[in-house]
Amino acid sequence: MSINRRQFITSVAAASVAASFSARAQEPAKKLKACIIGDTNNGGYGHDMHLIFALRENVEVVGLADPDEAGRTKNGAEAKAARLYADYREMLEKEKPDLVVVGPRQTPKHKEYLLACAEHGCHGIIEKPLAVDLAEADEIIAAMDAKKLKWGIGFNFRATALMAHVRKLVVEDRILGSVLELRARGKEDNRAGGEDLIVLGCHVFDMMKYLLDKPSWCAADITFNGKPATKQNIAEATEPLGPIVGNRISATFGFAQGVPGFFSSMKNKDGGGRWGLDIYGSQGIITIRMNVDAQVFLLRDPSWAPGGTELKWEPLPGMPAPPPGEQKLTRYLPIIDDVIACIGTDKTPMCSIQDGRDALEMTQAVFESYVQGGGRVAIPLKERTHPLKRWA
């Protein structure tokens, strides 16, 4: 039986995720040297990214850099780093690591960190979002590609065996029939709107792309306190992530075969709990809520509204169990295992910085569409600098 490109990619991704949990049984004898870049006062270590090598016996954490002395001492001890540094450049120069973790979630220094890692020939993983804008992302990826370096990004939810299973059921097994649309929302907490789009939107955009490949266009509307957002409403996010605008965002993306994908985030008194992605098909719905413990359910109903019928939400059939162990130690395991497996090959990591750029492009397309009047803008975007900086 022949398979198409999408089916092939799905099967490879599922196999890669499954293999990552058993890969440690076949570790090479040589230990890889790893360093950790953190900054306690500027983005910290993401979601415990300094612990990313805790379950890997073939990796030795030789250094941790953090300009904050107290944070350096605390996180260095937790990571079991052999040596501590105030300056990450000094660490890279002295330790010459094979792998680097870039932990700060704030984007302004991501390009600086990654270009330094490229200069020293390091592979690794970085916390999301990738960069402030597409121009920075392009420069980062060009530097890594020039030296054939392998870098992953912290899309830890999409990297799970659970999401690979969802994709197989939807794309290969067609459990929902034909996919008709995707609907996503941010967390809609105090960051609702522009900041929610950047911080949480990148996760759901990455999952949209994982299911349907990259979109070809975006159209968006943005308001601030119920009125059309203006240049005067542009502000910095609560943590340094670049400029944002609006506390209500509604965006539509165009995927292949005319399938639309929707993203919304709106400031409201009942925010929270809705962050996730719903997949609507001709035969039902799969709902995914991206909490600490993922909640995924299936409704087998083409009407999408069973009302008083006996049809109910049910657990996803064949749902894989999460990997054993403490989640803060296992959440990035598939990503870093895959990065290591890709070193020295022509393969791109399953959650790559290229994927990080694609998710960033979708967030930038939302701002770009609004700046240009709310109509469709083509993806890839021609202008690579930040739309709100050009607008201001």
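In this predicted model, strand S7 (residues 179-185) runs parallel to strand S13, and the two are joined over four bridges. One point of contact along this pairing is easy to find: Leu-182 has Gly-261 in S13 as its bridge partner. On S13 (residues 260-266), a pairing with S12 can also be followed, this time antiparallel and over seven bridges. Here Ser-250 stands opposite Ser-264 in S13. S12 and S13 form a hairpin with five residues between the strands, and within this hairpin Gln-257 adopts a positive phi near 60°. Strand S13 is mostly covered, with five of its seven residues buried.

The two strands of this hairpin also take part in aromatic packing. A pair of aromatic rings is described by how far apart the centres are and by the angle between the planes. The structure holds five aromatic pairs. In one of them, the ring centres of Phe-205 and Phe-253 are 5.1 Å apart; the planes meet at 65°, over the 60-degree limit, so the arrangement is edge-to-face. This pair bridges distant parts of the chain, as Phe-205 belongs to helix H8 (residues 201-212) and Phe-253 to strand S12 (residues 248-254), with their positions 48 residues apart. Phe-205 has a relative accessibility of 0% and therefore counts as buried. Phe-253 is likewise buried, with a relative accessible area of 0%.

Phe-205 has a further ring partner in Phe-263: the centres are 5.2 Å apart and the planes lie at 65°, so this pair is edge-to-face too. Again distant parts of the chain are linked, from Phe-205 in helix H8 to Phe-263 in strand S13, 58 residues apart. Both Phe-205 and Phe-263 are buried. Through these ring pairs, Phe-205, Phe-253 and Phe-263 are joined into a cluster.

Aromatic rings also meet charged side chains. The charged end of Arg-183 sits over the ring of Tyr-280, at 4.0 Å from the ring centre. Arg-376 lies over the face of Trp-217, with 3.7 Å to the centre of the ring.

Turning to the nonpolar interior, the largest core has 112 residues, and Trp-151, Ile-279 and Ile-286 have the most contacts inside it. Leaving aside residues up to four places away in sequence, Ile-279 touches a set of residues that includes Val-166, Val-170, Leu-176, Leu-211 and Ile-286. Val-179, Glu-181 and Leu-182 are also among the contacts of Ile-279. Leu-182 thus brings the description back to the strands, being the residue whose bridge partner in S13 is Gly-261.

Technical notes: Residues are numbered from 1 along each chain as its sequence is written. This is a predicted model: local features need pLDDT of at least 70, side-chain atom pairs count only at pLDDT 80 or more; totals for chains, interfaces and linings use all residues. Side-chain values use heavy atoms; hydrogens and water are left out. Rings of Phe, Tyr and Trp (its six-membered ring) pair if their centres lie within 6.5 Å; planes under 30 degrees apart count as stacked, over 60 as edge-to-face and the rest as tilted. Buried means under 20% relative accessible area, exposed over 50%, partly exposed in between (1.4 Å probe, protein chains only). A charge sits over a ring if NZ of Lys or CZ of Arg is within 6 Å of the ring centre and within 35 degrees of the ring normal. A nonpolar core is a set of buried Ala, Val, Leu, Ile, Met, Phe, Trp, Tyr and Cys residues joined through side-chain atoms within 4.5 Å. Contact means heavy atoms within 4.5 Å. Two strands pair if DSSP finds at least two bridges between them.
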